[in-house]
Amino acid sequence: MKRSGSMSCSSSDDNDDEEPPPMEFKKLVKGRQSVSAEAFGEWNRKKAFTPPKVAKTEAQKMRLKVCLMKSFLFSNLDDSDLSIVIGAMKEVPAEKGTTVITQGEDGDCLFVIESGKFDCTVKSGGQEKLVKSCEVGDVFGELALLYNCPRAASVTSTKRGVLWQLDRETFNHIVKEAAHKKRVRYDAFLAKVSILESMDAYERSQLADALKAETFTDGQCIVTAGDAGDKFYIVEEGKAEAVKSGQVAMQFGVGDYFGELALIRDQPRAATVTAKGYVRVLSVDRRSFKRLLNVEDLINRSVKYM
Ligand code: CMP
């Protein structure tokens with residue numbers, strides 16, 4: 001595959017057993033191998049992988065670690081995988097106005113933002129549309145690596161910043177599987193949640209990265225009235241109930257959400273929410289809640305509580 005790009009890095013073509021993308025991104029239909037062939041193929045690939053090593057000072061390593069901890073794709077890696085990724089990443093300064101990624105080109109790396117701001121734009125029918133503004137801790141350029149498709153958007157710095165670049169091979173060996181599984185696992189569920197219906201597939205995939213699953217047994221408190229709120233919840237499985245001044249105020253089933261009021265109003269929790277039987281919720285922290293969800297829509301819908 002020819003690789004070109006505004007900021008290209010070394011590449012390898014080892015995407016013969018990709019799963020198809022879950023959303024409307026370009027599909028790659030591949031023949032299915034037998035289970036044992038797949039398992040051995042994977043094992044051989046892992047064994048053969050020698051991660052690149054880009055020399056860094058201790059100060060750079062520390063900055064990079066802090067940066068990766070802000071990113072959902074990287075923050076859950078175990079220590080050994082994290083040190084491989086830190087070793088492989090390359091610091092890339094970007095002046096204001098630099099086009100880091102060009103829509104339609106082949107992509108062989110992704111970027112994590114340490115500082116600066118980067119706009120993602122999509123050209124279609126002669127018009128250019130801003131689809132996302134990325135900030136510190138955000139990742140961009142992952143789609144081409146996850147789905148082996150051309151760059152879906154152009155990405156340009158709107159102010160001077162610092163990026164960390166990760167090559168396709170290290171991403172594929174260390175990060176891709178978990179990231180891909182999480183997006184596939186939650187995309188279908190999130191697409192059915194009514195509060196999220198205005199989201200497009202890309203926004204849903206970003207939310208999927210940010211979700212944390214938590215389970216509760218019958219009677220356990222998920223949210224306690226009076227506590228400071230730091231998370232928003234969507235019920236993935238089971239039922240929960242909100243109690244306010246001793247009265248049941250709301251009941252929540254699969255696809256319902258709660259915990260938004262304290263985050264929107266910056267006030268303590270207005271009710272206690274308890275599990276009714278076994279419950280699995282997907283939580284989103286305060287920062288992601290404000291960045292990824294349509295808070296206006298939630299404010300309008302939250303009239304029902306008042
Ligand atoms: P990739 O396609 O590899 O390169 C362009 C990047 O822009 C893409 O990965 C995403 O990281 C990012 N991007 C942000 N918003 C969107 C969007 N709505 N559609 C596609 N790509 C987006």
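Here are four short exercises on this predicted model, each with a worked solution.

**Exercise 1. Get a feel for the whole chain: how many helices and strands does the secondary structure come to, and what share of the residues is buried?**

Start with the secondary structure: the chain has nine helices and twelve strands. Next, take burial. The chain runs to 306 residues, and buried ones make up 46% of them. Then look at the contacts between residues at least 6 apart in sequence: 78% of these join residues at least 24 apart. Finish with the outside, where the accessible surface comes to about 15500 Å², and 52% of that belongs to carbon and sulfur atoms.

**Exercise 2. Find valine 193 and decide: is it buried or exposed?**

First, locate it. Valine 193 is in the loop that links helix H5 (168-191) to helix H6 (201-210). Second, check its relative accessibility, which is 1%. The cut-off for buried is under 20%, so at 1% valine 193 counts as buried. Third, see what it touches. Skip the neighbours within four places in sequence, and valine 193 is in contact with Ile234 and Gly255. Last, try a distance: valine 235 is 42 residues away along the chain, and its C-alpha atom is 9.6 Å from that of valine 193.

**Exercise 3. Work out which residues of helix H3 are buried, and which elements they pack against.**

Go to residues 79-88, which form H3, and pick out the buried ones: Leu82, Val85, Ile86, Gly87 and Ala88. Now look at what these buried residues pack against. Two of the partners are helices, namely H2 (58-69) and H5. The list also has strand S1 (90-94) and strand S6 (154-167).

**Exercise 4. Describe the ligand's surroundings: where does it sit, and which residues are closest?**

Step one is the site: the ligand sits in the largest pocket. Strand S4 (127-134) and helix H4 (143-147) are the elements giving two or more residues to the shell around the ligand.

Step two is the list of neighbours. The ligand is surrounded by 14 residues, the closest being Gly141, Glu142, Ala144, Arg151 and Ala152.

Step three is to go through some polar atoms. In the side chain of arginine 151, an N or O atom is 2.7 Å from a ligand oxygen. The side chain of tyrosine 202 also has an N or O atom 3.1 Å from an oxygen of the ligand. With leucine 143, it's a backbone N or O atom that lies 3.4 Å from a ligand oxygen.

Step four is the cover: on its own the ligand exposes 450 Å², and the protein buries 95% of that.

How values were computed:
Residues are numbered from 1 along each chain as its sequence is written. This is a predicted model: local features need pLDDT of at least 70, side-chain atom pairs count only at pLDDT 80 or more; totals for chains, interfaces and linings use all residues. Side-chain values use heavy atoms; hydrogens and water are left out. Helices (H or I, at least four residues) and strands (E, at least two) are DSSP runs, numbered from the N terminus. Buried means under 20% relative accessible area, exposed over 50%, partly exposed in between (1.4 Å probe, protein chains only). Contact means heavy atoms within 4.5 Å. A residue is near a molecule or strand if one of its heavy atoms lies within 4 Å of it. A polar contact is a pair of N or O atoms within 3.5 Å; within protein, one must be able to donate a hydrogen and the other to accept it, and residues adjacent in sequence count only if both atoms are side-chain atoms. Accessible areas come from the Shrake-Rupley method with a 1.4 Å probe; for residues, only the protein chains shown count as cover. On a 1 Å grid over the protein atoms alone, a cavity is a set of points where a 1.4 Å probe fits but cannot get out, and a pocket is an open set with protein on both sides within 12 Å along at least five of seven lines; lining residues have an atom within 4 Å of a point. A molecule sits in a cavity or pocket if more than half of its atoms lie within 2 Å of its grid points.
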